[in-house]
Amino acid sequence: MPGSEQTWVARITPAAGHSVATLLGLSLGLDVWERQADALVVAAPESRLVELERRRLASVERWGTPTDYRARRRDRSADAPDDS
Amino acid sequence: MASLIARVTSTSTRAPLARLLTSPLGLDVWEVGADHLVLQADEAQAGRLQAMGYDVEQLRMTEQYLSAFATDAAGYHTVATLEQDLRRLAEEHPEIAELHEIGRSVEDRPLWALRIGERRGSTRKVAFLGCHHAREWISVEVPYLLAEHLLQNSSSEPVQGWLQQGEVWVAPMVNPDGHEYTRTENRLWRKNRRRNRDGSIGVDPNRNYGYMWGTLDVNTSSHVPADETYVGPRAFSEPEVRAVRDLVARQLFGGVLTYHSYSQLLLYPWGYTSEPIEDEADLGEMRELAEEMHQLIKGVHGTTYTPQPSSQLYPTAGDTADWTYGEYDAPSLTVELRPASALDGGFVLPPDQIQPCWEENRPAALHFIDHVLGGPAR
């Protein structure tokens, strides 16, 4: 059940023979945050990411939980100068 | 005693993680993973866990975490402060501003739109919308600051001319329930707060509009209620979306711009198909408009917002811009605001980015107004 399992913020890169469009066309309930030229940044439950790996559709780089992600964002914004 | 936030793991069979969820240790468990827990504990509790065989990694002190969270939210509107500020704007400029309640949310919060213009019933009108998606806080601030700018500059050109001949409607927060939930419970919540039949929560308001609604079933337009992009049980099932529908139907806007974040993009229809708009004049108009806005944005701080068809980002059936263009022929753009990537902050844009984000979007928004109100009547 996605509702009760760990969610990850992850970068998913299509496997050889597949494309970013292939990944977008799936019905896996990925929460797509960002489309890059060669990958997607998504939030998704562990089982969905495992499914992508099991079906050899994509490689998955787990960046952390949403909580980890937010904590890192706060740390970074506290350290970074304003670049605007 | 000082409280800390810790990540707890275990490689020891004598210290299974599941035991921590049921044992009466007084732990405040925040997160449960397959291989770890994140919890809040005082130093004595943390020491006890280590003695029991658990690995305890301190992430932050609780006070530090809470102050960071406060900093995170400072500078952004809440549902309440947005209403206060919109009321104040209307009261300070009664001759040209009127606050309208355009509908109510699932949780019965009012949805506000500010009408700005000298005359009522003008035939030239443009709409700016924000915060269909709860976690996209910057998408509240840019349209709000636009409204403030128009009112503060209503006596000087070019704003005065626009407000004499037309109306600008600004609805900065289409999804107040979701926004409130991101502030109090889950900063990364996206949808509204509809309770679905299967017990899950939320419909994606930006998949619930009635043009080509439900024609896709993919990650980015899903028919599974628990998914983040759940399209809803039928088009316009959501009161927030019906409020926008009814506003658009009443006012017949000549152009609609809706703010989102993030990725720094200027998106024009279609979202539901990768085929280009058939009407070449319409396509050319929106593509050119997006290109001009791209140049204007870049001219302020050098930031790049890439113009492209919406489907080039990803397929979306039932989004706002497809509907306002598909149903009303109104030039319709979706602006994905700062930042460019997750590594630059993603949805959690530091508040010190609000002002530069507004500054760079100001000339583009004004250009959109000029295009709609200053061009030939539609």
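Reader: At roughly what angle do the axes of helix 9 and helix 12 of chain B cross?
Author: This is a predicted model, where local features need pLDDT of at least 70, side-chain atom pairs count only at pLDDT 80 or more, and totals for chains, interfaces and linings use all residues. Residues are numbered from 1 along each chain as its sequence is written, chains are lettered from A in the order in which they are written, and side-chain values use heavy atoms, with hydrogens and water left out. Helices here are DSSP runs (H or I, at least four residues), and axes are lines fitted to C-alpha atoms over the stretch in contact, with angles from 0 to 180 degrees between N-to-C directions. Helix 9 (residues 280–301) and helix 12 (residues 354–374) of chain B have axes that come within 8 Å, and the crossing is at roughly 145 degrees.

Reader: How many residues of chain B are in contact with chain A?
Author: Contact means heavy atoms within 4.5 Å. On the other side sit 32 residues of chain A, and the chain B count is 42.

Reader: Which residue of chain A meets Asp227(B) in a salt bridge?
Author: A salt bridge puts a side-chain nitrogen of Lys or Arg within 4 Å of a carboxyl oxygen of Asp or Glu. There are 2 between chain A and chain B. With 3.5 Å from N to O, the partner of Asp227(B) is Arg48(A).

Reader: Which element gives the largest share of the side of chain A that touches chain B?
Author: Helix 1 (20–24), strand 2 (31–35; strands are E runs of at least two) and helix 3 (66–79) each give two or more residues. The largest share, 11 residues, comes from helix 3 of chain A.
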